[in-house]
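Me: Please take a close look at the side-chain interactions in this structure, beginning with its salt bridges and moving on from there to the nonpolar groupings. I would like one connected account.

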Amino acid sequence: MILRPKLIVLDEPTSALDMSVQGQVLDLLRKLQRTYGTTYLFISHDLRVVKALAHYVIVLQKGEIVEQGPAHKLFNDPRQDYTKALMHAAFGESL
C-alpha cells in the first residue's frame, strides 16, 4: 500500500480460510479501501464474501458476462436463470 495503487486485483483472497480469519481479511480490505480510496477487482466463487464486500458485480458463465449491476440489485433481484441458480445454491430461498 506504500505505493498507493488505485486498483488491486484480488483473486480468491479468502479461499481456504476459516470464517473468523475470512472476516478479519474482509474487515482489513474495507479499512484499506476507506483509508486509501482503493478500488478492488475481487474475483471469487464465494457469493457470501462477494455480497459482504462488493459494490458492483459481474457474473460470468463460461467466460461470458451473463449479468452485471450494482451488488444490492443483483443479489436482491437477479434476472438471468444462471445467476438465480447461483444465488439459490449459495443462499437457498433467502438472500
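Reply: A salt bridge is taken here as a side-chain nitrogen of Lys or Arg lying within 4 Å of a carboxyl oxygen of Asp or Glu. The model is a predicted one, and under this criterion two salt bridges are counted in it.

One of them joins Arg30 to Asp27, with 3.0 Å between the closest N and O atoms. Both residues belong to helix 1, which spans residues 19-36, and they are three residues apart, or about one turn of the helix. Arg30 has a relative accessibility of 26% and therefore counts as partly exposed. Asp27 is likewise classed as partly exposed, because its relative accessibility is 47%.

The side chains of Arg79 and Asp77 also meet in a salt bridge, with an N to O distance of 2.7 Å. Here Arg79 is exposed, because its relative accessible area is 55%. Asp77 has a relative accessible area of 33%, so this residue is partly exposed.

Turning to the interior, the largest nonpolar core consists of nine residues: Leu47, Val50, Val57, Val59, Ala71, Leu74, Phe75, Met87 and Phe91. At least two residues of this core are supplied by each of helix 2 (47-53), strand 3 (56-61), helix 3 (71-76) and helix 4 (81-91). Helix 3 provides the largest share, namely three residues. Within this core, Val50 may serve as an example of the packing: when neighbours within four places in sequence are set aside, Val50 is in contact with Ser44, Val57 and Phe75. Of these partners, Val57 and Phe75 are themselves listed in the core. There is also a second, separate core of seven residues, among them Leu10, Leu26, Leu29 and Leu53.

Nonpolar side chains are found at the surface as well. Leu7, Val9, Leu41 and Ile43 make up a nonpolar patch there, and their combined accessible area is about 350 Å². Strand 1 (7-11) and strand 2 (39-43) are the elements that contribute two or more residues to the patch. Val9, for instance, is located in strand 1. With a relative accessible area of 52%, Val9 lies over the 50% limit and is therefore classed as exposed.

Terms used: Residues are numbered from 1 along each chain as its sequence is written. This is a predicted model: local features need pLDDT of at least 70, side-chain atom pairs count only at pLDDT 80 or more; totals for chains, interfaces and linings use all residues. Side-chain values use heavy atoms; hydrogens and water are left out. Helices (H or I, at least four residues) and strands (E, at least two) are DSSP runs, numbered from the N terminus. Buried means under 20% relative accessible area, exposed over 50%, partly exposed in between (1.4 Å probe, protein chains only). A nonpolar core is a set of buried Ala, Val, Leu, Ile, Met, Phe, Trp, Tyr and Cys residues joined through side-chain atoms within 4.5 Å. Contact means heavy atoms within 4.5 Å. Patches are made of residues with over 30% relative accessible area and no salt bridge: like charges are joined within 9 Å, nonpolar side chains (Val, Leu, Ile, Met, Phe, Trp, Tyr) within 5 Å. Accessible areas come from the Shrake-Rupley method with a 1.4 Å probe; for residues, only the protein chains shown count as cover.
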